[in-house]
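Dear colleague,

I am passing on the structure we spoke about, and I would be glad if you could look through it with the notes below at hand.

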Amino acid sequence: MKLSVIALALVASIGAAQAQTQPHPYAMNQAPVVAPASAPGWFTRLPEDTADMIFSAAVGASVDEQMAYDKARIQAERKLVEMMSSRVRSNVKSYRNDRGDNMQESTEIVVNKTADGELIGAQRVDSQATFDGRVYRVYVLLRYPLAQNNSLRKEREGAQSKREADLRAARAQQDLERETQRQRTDAEAADRQLREEIGPRPDAPASVVNTTEGPVKLLDVDNADYRQKRTEALAKPGAVIGQTVVR
């Protein structure tokens, strides 16, 4: 009797195990389990910086491989800018309150880090991408040549220097033309003033005018403007001269 009970229990346990191993006919597909890839060696241990170049590494993750690479590249470039031109300011506030056998103390630390610089000529040395079935993870290693080793920066600075030289030359030419015109105007004004001061005076307008009735003597007046206008009027064709004798 005991043997039959044990046999029945063994059969029941085997049936239950078989039922557990059979997949559900409507079960959802399970994503394959992929072991996470380890980071490359140059990411955990950066190449040593030298006097000619510095290095930076970063990682970016996204469901899109290109987006993951762009994020990693931007992070690595940001690190390079921070290495060259970062400014760090910190502000520490400490407060302590003593109430006999009870003392309270608090400390607040605020760190402000800013970086503003121009990055030209950063080079990608190496990169590595992994995919776990859902997310892409991209590691990027950048190298930034320093000083004369950065050919792109030298070319950019050379073009900038040429542009500045052209602008300075154009400004100098403009200033020279303005100065030449000013000197010419001053010379003409000085010559005109000299002629008025010591040059020959213009001939006085004639005081006798020939008419159809014979010569007519004009009135002698001291007003130069009047004499000039009278001369201009007599020079016009058909000019008429009236003369009246008052007794």
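What follows is a description of the fold, the sheet, the cores and a few single residues.

Please keep in mind throughout that this is a predicted model. The protein chain averages a pLDDT of 76, and 70% of the residues score at least 70. Residues 1-12 call for particular caution, since over this stretch the pLDDT is below 50, and in the model it has zero contacts beyond near neighbours in sequence.

As to the overall make-up, the protein chain contains five helices and seven strands, and along the sequence these follow the pattern α-α-β-α-β-β-β-β-α-β-β-α. Of its 247 residues, 14% count as buried, while the accessible surface comes to about 20700 Å², with 52% of that belonging to carbon and sulfur atoms. When contacts between residues at least 6 apart in sequence are considered, 56% of them join residues at least 24 apart.

The part I would look at next is an open sheet of three strands, in which the order is E1-E5-E4 and the pairing is antiparallel. Strand E1 (53-62) and strand E4 (123-131) each have a single partner strand and stand at the edges, so one side of each is left without a neighbour in the sheet. From one strand to the next the twist averages 15°. Helix H3 (residues 65-85) packs on this sheet, where it touches E1, E4 and E5, and the direction of H3 makes about 145° with that of E1.

Within the sheet, E1 and E5 are joined by 10 bridges and run antiparallel, with Ala61 standing opposite Arg137 in E5. On the E4 side, strand E5 (residues 136-145) pairs with E4 over eight bridges, again in the antiparallel sense. There Thr130 stands opposite Arg137, and Asp126 stands opposite Leu141. The hairpin of E4 and E5 has four residues between the strands, and in it Gly133 takes a positive phi near 95°.

Although E1 stands at an edge of the sheet, seven of its 10 residues are buried, so E1 is largely enclosed by the rest of the structure.

How is the nonpolar interior arranged? The largest nonpolar core has 11 residues in all, namely Ile54, Ala58, Ala68, Ala72, Ala76, Leu80, Ala122, Val138, Val140, Leu142 and Tyr144. The elements that give two or more residues to this core are E1, H3 and E5. Ala72, one of the core residues, touches Ala58, Val59, Gly60, Val138 and Val140, if residues up to four places away in sequence are not counted. Apart from the largest core lies another, of five residues, which include Trp42, Phe55, Tyr139 and Leu141. As a general matter, nonpolar side chains in soluble globular proteins tend to be buried together.

Lastly, a residue outside this sheet may be worth a look, namely Met103, which is found in strand E3 (residues 102-115). Is Met103 buried or exposed? With a relative accessibility of 48%, Met103 counts as partly exposed, and, leaving aside neighbours within four places in sequence, Met103 is in contact with Arg96, Asn97 and Asp98.

With kind regards

Methods. Residues numbered from 1 in each chain as written. Predicted model: local features only at pLDDT ≥ 70, side-chain atom pairs only at ≥ 80, totals over all residues. Heavy atoms only, no water. Pairing = 2+ DSSP bridges. Axes fitted to C-alpha atoms, helices over the stretch in contact; angles between N-to-C directions. Contact = heavy atoms within 4.5 Å. pLDDT = per-residue confidence, 0-100. Core = buried A, V, L, I, M, F, W, Y, C linked by side-chain atoms within 4.5 Å. Buried < 20%, exposed > 50% of the residue type's maximum accessible area, 1.4 Å probe, protein only. Areas by Shrake-Rupley, 256 points an atom, 1.4 Å probe, with all protein chains shown as cover.
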